Amino acid sequence: MRVFHGFEALPHFTHPAVTVGSYDGVHSGHLKLLRTVTAAARGQGGESIVFTFEPHPRITLGKADGLRLLTTLDEKICLLERLGIDNLVIIPFDRAFSRLAPDEFVRDCLVGHTGAETLVVGFNHRFGHNKQGSYDYLDSHGFGLRVIEVSECDVDAEKVSSTVIRRLVEKGEMARAAHLLSHPYLVIGRAQRNRIRVDDPLKLLPPPGEYDAHINGKPARLTVDAAQELITRDILPEGRVVITF
């Protein structure tokens, strides 16, 4: 997967199919969108592109009170790459970007910078200044795009959302969280002896306690302490570690 930061120096894309979102958690509902964009790209002999935001839009818009993230940017890149996405464009979500009208975003960013031919959106997707853009807006304005709307995702009759999964992680219900995610809960950190730290202060970790997990693919017993550090029973090589719950 190729990763691009911002719109500068983007290459020419071949018959691209695009989807846009924060994709926090890359959960079951997101997977439905991502598989649709991958299939659409394949069907038109092209490549898939995911647009995501850094930082999370709520931070820029001053609505981040209490926000904790299911995935850091590093973790999101890891999960999207596993799904076979061809390209990831990370958009710096600043105040100027947040003020773009829906037509500016579609015309200048999606079509102008990538040559998008297909756009895949969720049933409740909103975009542009004050969330004025929607599937109906896209359908009525055209923009020369084929627009595919993906319906809501349920797992065991429960609606899947990042908010629902955050609540499960906050309660330490990691098996249920993994079920709604459709993959183990991912934490990427840095090890120093038997302690693992996560650099992003917004990363959501389970509450203090002991958990069964895997570290770099090997079974492990982890303790989350009150300072939100992860402690193992074994000494680890210093450096990047991948933990799954």
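**Salt bridges and a domain interface**

About 1,000 Å² is buried between domain 1 and domain 2, with carbon and sulfur atoms giving 58% of that area. This is a predicted model, where local features need pLDDT of at least 70 and side-chain atom pairs count only at pLDDT 80 or more, while totals for chains, interfaces and linings use all residues. Residues are numbered from 1 along each chain as its sequence is written, and side-chain values use heavy atoms, with hydrogens and water left out.

Me: What makes that area "buried" between domain 1 and domain 2?
Reply: Buried area is the accessible area (1.4 Å probe) that two parts lose on being put together, summed over both. In domain 1, Arg-68, Leu-69 and Glu-75 lose the most to domain 2, together 48% of what that side buries.

Me: Where do domain 1 and domain 2 begin and end?
Reply: Domain 1 is 1-154 and domain 2 is 184-242; the bounds come from an automatic or database domain assignment.

Me: How many residues are in contact across the two domains?
Reply: Twelve from domain 1 are in contact with twelve from domain 2, where contact means heavy atoms within 4.5 Å.

Me: Why is Glu-75 with Lys-203 called a salt bridge?
Reply: The rule wants a side-chain nitrogen of Lys or Arg within 4 Å of a carboxyl oxygen of Asp or Glu. Here N to O is 2.8 Å, so the pair qualifies. The rule finds two salt bridges across this interface.

Me: Why does the pair Arg-233 and Glu-210 count as a salt bridge?
Reply: The N to O distance is 3.9 Å, which is within 4 Å, so this pair counts. Arg-233 sits in strand S12 (residues 230-244) and Glu-210 in strand S10 (residues 209-215), 23 residues apart; strands here are DSSP runs (E, at least two residues; helices are H or I, at least four), numbered from the N terminus.

Me: How do you know whether Arg-233 is buried or exposed?
Reply: Buried means under 20% relative accessible area, exposed over 50%, partly exposed in between (1.4 Å probe, protein chains only). Arg-233 is at 65%, so Arg-233 counts as exposed. Glu-210, at 46%, falls in between and is therefore partly exposed.

Me: And Glu-47 with Arg-2, which is buried and which partly exposed?
Reply: Glu-47 has 12%, so Glu-47 is buried; Arg-2 has 37% and is partly exposed. Their side chains meet in a salt bridge at 3.1 Å, N to O.

Me: What does the salt bridge of Arg-166 and Asp-24 tie together?
Reply: Arg-166 lies in helix H7 (residues 162-170) and Asp-24 in the loop between strand S2 (17-20) and H1, so the pair ties together parts 142 residues apart in sequence.
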